[in-house]
Amino acid sequence: EQGKFPSASAVLQQGLELLRHKSELENLETEALRDLLDARRKGEFITGSAMKDRISAIAEKKRRTHGL
């Protein structure tokens with residue numbers, strides 16, 4: 001029975017390549033998340049009550065739009 005890989009060494013090389021690729025993707029995702037959090041920290045701070053008011057206003061607008 002013929003497999004996809006010609007040897008055990010080729011299987012190991014492919015496995016290592018997949019692990020390297022996965023690690024690179026995880027590093028990119030971590031960096032992107034870090035950048036997002038940094039941008040959020042530098043942005044405008046909204047208090048909990050102000051956020052609650054904003055959400056309530058959005059919900060009320062949607063209720064009016066849908067006749068609820």
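# Briefing: a two-helix chain

Of the 18 residues in helix α2, the number buried is zero, so α2 lies largely in the open. The model is a predicted one. Its chain has two helices and zero strands. The radius of gyration is 25 Å, well over the 11 Å that the globule rule gives for 68 residues, so the chain is more spread out than a compact globule.

**Overall dimensions and surface**

- Taken along the principal axes, the box filled by the C-alpha atoms of the chain is roughly 65 × 35 × 15 Å.
- Residues that count as buried make up 1% of the 68 in the chain.
- The chain has an accessible surface of about 6700 Å², and carbon and sulfur atoms account for 58% of that area.

**Helix α2 and the residue after it**

- Helix α2 covers residues 48–65.
- From its first C-alpha to its last, α2 reaches 26 Å with 18 residues, which is close to the 26 Å expected at 1.5 Å a residue.
- Gly 67, just after α2, has a positive phi of about 65 degrees.
- Within α2, Arg 63 and Glu 60 are three residues apart, about one turn of the helix.
- These two residues form a salt bridge, with 3.2 Å between the closest N and O atoms.
- Arg 63 has a relative accessible area of 37%, so it is partly exposed.
- Glu 60 is also in the partly exposed class, because its relative accessibility is 32% and that class runs between the 20% limit for buried and the 50% limit for exposed.

**Salt bridges in helix α1**

- The salt bridges come to six by the rule used here; among them are the Arg 63 pair with Glu 60 and two that involve Arg 20.
- Helix α1 spans residues 8–42 and holds both Arg 20 and Glu 17, which are three residues apart, about one turn of the helix.
- The side chains of Arg 20 and Glu 17 meet in a salt bridge with an N to O distance of 2.3 Å.
- Arg 20 also meets Glu 24 through a side-chain salt bridge, and the N to O distance there is 2.3 Å.
- Arg 20 and Glu 24 are separated by about one helical turn because they are four residues apart in α1.
- Arg 20 is partly exposed, at a relative accessible area of 40%.
- Glu 17 is partly exposed at 37% relative accessible area, and Glu 24 counts as partly exposed with a relative accessibility of 37%.

**Shared partners**

- In helix α2, Arg 63 and Glu 60 lie three residues apart.
- In helix α1, salt bridges that share partners join Glu 17, Arg 20 and Glu 24 into one network.

**Nonpolar patch**

- Leu 33, Leu 36 and Leu 37 make a nonpolar surface patch of about 270 Å².
- One of these residues, Leu 37, lies in helix α1.
- Leu 37 has a relative accessible area of 40% and is partly exposed; this value is over the 30% that a patch residue needs, so Leu 37 passes that cut-off.

Definitions and conventions. Residues are numbered from 1 along each chain as its sequence is written. This is a predicted model: local features need pLDDT of at least 70, side-chain atom pairs count only at pLDDT 80 or more; totals for chains, interfaces and linings use all residues. Side-chain values use heavy atoms; hydrogens and water are left out. A salt bridge is a side-chain nitrogen of Lys or Arg within 4 Å of a carboxyl oxygen of Asp or Glu. Buried means under 20% relative accessible area, exposed over 50%, partly exposed in between (1.4 Å probe, protein chains only). Patches are made of residues with over 30% relative accessible area and no salt bridge: like charges are joined within 9 Å, nonpolar side chains (Val, Leu, Ile, Met, Phe, Trp, Tyr) within 5 Å. Accessible areas come from the Shrake-Rupley method with a 1.4 Å probe; for residues, only the protein chains shown count as cover. The expected span of a helix is 1.5 Å times one less than its number of residues. The radius of gyration is taken over C-alpha atoms; the globule rule is 2.2 Å times the number of residues to the power 0.38.
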